[in-house]
Structure formats: structure tokens, C-alpha cells
Amino acid sequence: MEIAEYLKKEINRLATEVKVEEIGEVLEVKDGIVKISGLRNVKSMEVLEFKEKILGLAVNLERDEVGAIVFGNYSKLKEGDIVKRTNKILSVPVGEGLIGRVVNPLGKPIDGKGDISYKEFYPIERIAPSVIEREPVNFPLHTGIKVLDALIPIGRGQRELILGDNITDRTGLAIDAIINQKNEPKRPVCIYVAIGYKKMEVARIIKTLRKHKATDYTIVVCASASDPSSLWYLAPYAGCAMGEYFMDKGKDVLIVYDELGRHAYAWREISLILRRPPGREAYPGDIFYLHSRLLERAGKLSKEKGGGSMTAFPILQTQAGDVTAYIPTNLISICDGQIIMDTELRLSGQIPEVNIGLSVSRVGSNAQTKAMKRVAGRLRLDLAQYRELAAFAQFGASDLDRATRAQLERGQRLTEVLKQPQFTPLPLEKQVMILYAAINGYLDDISVDKVSLFETKLYQFMETNHPEIGKSIAEKKEITAETEKALMKAIKEFKEANYAEFFQYVRG
């Protein structure tokens, strides 16, 4: 009896003192993908630990084996190595300390500025807010780009796809939107996720952001071309988790995924090595779910949930302008609109090269201020008529009547007004001023090649002589009768003062 009691006591002591670990064994290592036997109770997206503290992630759970992606140097792993469970779902550090820093998809700093203090962690995979937890998108996110703010308005909480061929500057459009946020009264936190770019290219983008003082409110997440495909796959989810922290705090977030084509390539590579059945263009069957579960996490939360928002700018490179390919059609169906960059427009000198006819925002004028609505409605109609007339005019320009010629002349000037150099986003009031002047015929007697000069000098004149007009538009977000009267008077005054400079270029 004493022996039995003693044995029970020893067993209980061992049960409390001995740490039991579930371990597995590496079966195969191939291009950053590891197949493991054992680990019967492992969870999907659980972090695994290999030798020398190399980490991995369980992504493929089968009956007899587990498929995992490796974050570290997978060349150090070999068949027979021991693998341990950590019982932790992959999470990334979040918080204010990340702002102004460059990190990898695991949240580790790579900018040489020292460690970052973390207080909280968010899982990289998270269920998107439900419909009940959201609000309609109705507050504008000003990009500072005339053609977007006027014709393809974007609201806070929207998902707007930017796509175009390699020659078009898709990234530049998104960077301009980030730079413009420094002028916004309710400035969002910006996150730029670089996927598969050379480190030199990412460094150039960071230099541009720093030059325009945009790094003060921006986080850069970088999975460079030299990083394994596992980090390419994680990068957008990590950036999204970092953004969700601020959204949950009631703040606004603007996140740029540059670009999701490379993200899809990385997942295709991982899936093919894991021997998942390939589908169209060799992509796995869950390729749509790959991006939908990412982009659905953007949105505008209800007031009960804090009222925060996350606006997503996914970027995609097309081949020969084909927007009907597999990945582009998937993303177009997920997003709330698309901005299509046209190669021919860029080659003809139209910067930014946005195809107004094909681009669309499904939020529409709900995400515009009253001041912009006032000028944008007329602008959209005039440009539509101009495009239609221009198509017919090329067959017989000499047979056109005076009214048609006048409409074509105005259309040319409207098109010229929508040109905008890179990294020069404009505040709302300046956009409204020049568009108001254009749609009301104040540029009709200005030579097309002098429209840009007219615009620049008009801004200088208004800032120097009539700053109260711009201030009124910026504060009230609308053109009151009093403001309109003052604006008309100021534009006429400006034209009279610059008669010699501009009117010597009048056509005819």
C-alpha cells in the first residue's frame, strides 16, 4: 500500500514538472517549402520552430504530413531535422512605434534605426468586419490628383484598384496620394507595402516620401526581390494587420499594396511545390480567396465600433493592357472601382495617364465635397461630349460648325487642365479654382500650350491677392454664392492683369 501511494505521488510530480512537446520530423526541403511528418495537432497558420531558431508557418494540413513555409535560411534545413510546435498563431507587432519605420513582413526593423518597442500583436489573418459593423463610405479621401478627386472620387474605407502596364506609373499615383495626406486636417496613417521590388527601388520610394515629409505618418513594409516567396506572401497581410490596429482605435488608414500580381505569383509558387491541384494559369483554386480575404478587411467601421476606416489601394501590373486576364478580373470584382492607366496616354504626354472612360469609382459623388461636386458634374459631362465629338472630328474637321468647334476647343483645354506633374498633389481649394475656371469658359481664349502656365500663375495670384477665397472653400467645403462671386471677379482680374502674357497666344 505504501509503494502504491509512493508511485502515485511520483507520477503526479512528473506530470507537473515535465514539459511535454509535440515534435515532428522534416521529410523534404524544397525552395523554402518544408514537408513534415508528425505534428498531428498542429493548427493552420501556427508558427513552427526548426533548428537554430529558424521559424516557419504551417499552411498545408494533410492526413499524414504538414506543409510549411520557412521564413529564415531554409538551406540550413535537411531531411530528418526536428520541428517543434510553438502553439502560437502568426502575429505581427503593431502600434505607434512603427510609424516612420521600414520593417519586414515579420515586423522586424530593416532601416538601421534600432529596435522598435512593441506593446501589442495582431494576427496576420483576421475575419473582416461584418456588414452590421460597417457604415457607408461617404467621407472623401483626397488624393491631390485632379483627375481622381474630380472624376474618380475615392472615399475613406474604399478599395480602389490601380492597374496598368509596366510603362505606366501606377506606384507614382499611390505615392502622390500618400504625400497629399500631410495637408489633410484629419490625416490618416499611411502604410506602403512593397512586394517583390528591388531594395534600390524601395529605397528610392522611401527617399521620395522623406523628401516630402510623408514618412512622419507612414509605415513601409518591405518584402524585397531577394526575400523568399514566403515573405512576399505574408507582406500584405502583415501590413493590413498593422493598419487594423489604428482602425480599431478609431483612426483612418490608407494602405497601398504594391503589387498584388507578385503576391499571386508567390502563392502560386508555394502551392505548386505543395502539390496543390493547379487551375487556370496554374494558379491554385483558392487564388480568389487569397485576395478577397485581404481586401475585405478594408472598410468604414460604424460609430459603435469606433468609426475608424481603412482605405486600400491594391496595385496590379497588366500585360499589354489586358484587364480580362485571371488576376485582374478577380481583383476588379473584389474592389469598389478601378483606375486604369493607359500606355498610349502616357506616350502622348497625358500625365497622370488615367483612362477616364474605363476607370470607375463605385462610391461616386458620395465621397465628394459639395465644392468638388459643383465643378465635377459639369466636367464629366463636357469631357464625355468632347471624347464623342473628337472621334467624329478626325474624319472631317473642316466641316464642323462653330458650336462643335468651340466644344472641341474647350475639351482640349479641359484635358490639358487635368494634366499634373508627379509629386505635386494639390489641395482641394486649388483644384476647385482651376476646374471652375475651365468649365466656365475662362480658358477658352488661352492657347492650349499655355494652360499649364495659366494654372500656375493663377494659384500664385490667388494666394497673394485673394487668400480668403481659398480659405473659404477649404473650410466650408462648398462654393457659396458669395465665394463664387468673389472667385469670378478674381479670375477676371487675373486675366486682365496678365493680358500681355497670355492673350498674345490666342488662337486665330
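Which residues does Thr168 touch, not counting residues up to four places away in sequence? The structure above is a predicted model, and in it Thr168 touches Met341, Asp342, Thr343, Arg346 and Glu353. Thr168 sits in the loop between β10 (161-164) and α3 (170-180). One of the residues touched is Asp342, which lies 174 residues away from Thr168 along the chain, yet the two C-alpha atoms are separated by 7.0 Å. Is Thr168 buried or exposed? Its relative accessible area is 5%. Buried means under 20%, so Thr168 is buried.

The whole protein can now be described. The protein has 508 residues, and 53% of them count as buried. Its secondary structure comes to 16 helices and 17 strands. Along the principal axes, the C-alpha atoms fill a box of roughly 115 × 45 × 45 Å. Among contacts between residues at least 6 apart in sequence, 74% join residues at least 24 apart.

Next come the nonpolar cores. The largest has 70 residues. Ile178, Tyr192, Phe313, Ile339, Leu379 and Leu435 are the residues with the most contacts inside this core. Helix α12 (residues 428-439) supplies the largest share of the core, nine residues. A second core, separate from this one, has 64 residues, including Val59, Phe71, Val92 and Leu260.

Tyr192 shows what surrounds one member of the largest core. Apart from its neighbours within four places in sequence, Tyr192 is in contact with several residues, among them Thr171, Ile175, Ile178, Tyr197 and Ile205. Its contacts also include Thr218, Ile219, Val220, Val221, Val256 and Asp258.

Helix α12 also holds Gln431. With a relative accessible area of 0%, Gln431 is buried. Leaving aside neighbours within four places in sequence, Gln431 is in contact with Gly144, Ile145, Lys146, Asp149, Met372 and Leu426.

Val354 lies in the loop between α9 (343-347) and β17 (360-361). Val354 counts as buried, at 4% relative accessibility. Not counting residues up to four places away in sequence, Val354 touches Val147, Leu148, Ile152, Ile339, Ile340, Met341, Leu345 and Ser359. Two of these names have come up before: Ile339 has a place in the largest core, and Met341 is touched by Thr168. The C-alpha atoms of Val354 and Glu22 are separated by 55 Å, and these residues are 332 apart along the chain.

Now consider a pair of helices. At what angle do α5 (residues 229-248) and α6 (residues 260-273) pack? The angle is about 130 degrees, and the axes are 8 Å apart. Angles over 145 degrees count as roughly antiparallel and 65 to 115 as roughly perpendicular, so α5 and α6 are oblique to each other. Their crossing is left-handed. On the α5 side, the residues that meet α6 are Ser229, Ser230, Trp232, Tyr233, Pro236 and Tyr237. On the α6 side they are Leu260, Arg262, His263, Ala266, Trp267, Glu269 and Ile270. The residues of this contact divide into eight nonpolar, three polar and two charged. Leu260, on the α6 side, is also included in the second core.

Both helices also serve as neighbours of helix α7 (residues 287-295). Helix α7 is mostly covered, with seven of its nine residues buried. These are Ile287, Leu290, His291, Ser292, Arg293, Leu294 and Leu295. The buried residues of α7 pack against α5 and α6, and also against β13 (252-258), β15 (309-317) and α8 (326-334).

How values were computed: Residues numbered from 1 in each chain as written. Predicted model: local features only at pLDDT ≥ 70, side-chain atom pairs only at ≥ 80, totals over all residues. Heavy atoms only, no water. Core = buried A, V, L, I, M, F, W, Y, C linked by side-chain atoms within 4.5 Å. Buried < 20%, exposed > 50% of the residue type's maximum accessible area, 1.4 Å probe, protein only. Helix = DSSP H or I, 4+ residues; strand = E, 2+ residues; numbered from the N terminus. Contact = heavy atoms within 4.5 Å. Axes fitted to C-alpha atoms, helices over the stretch in contact; angles between N-to-C directions. Parallel < 35°, antiparallel > 145°, perpendicular 65-115°, else oblique. Left-handed = near helix turned anticlockwise from the far one by under 90°. Nonpolar A, V, L, I, M, F, W, Y, C, P; charged D, E, K, R; others polar.
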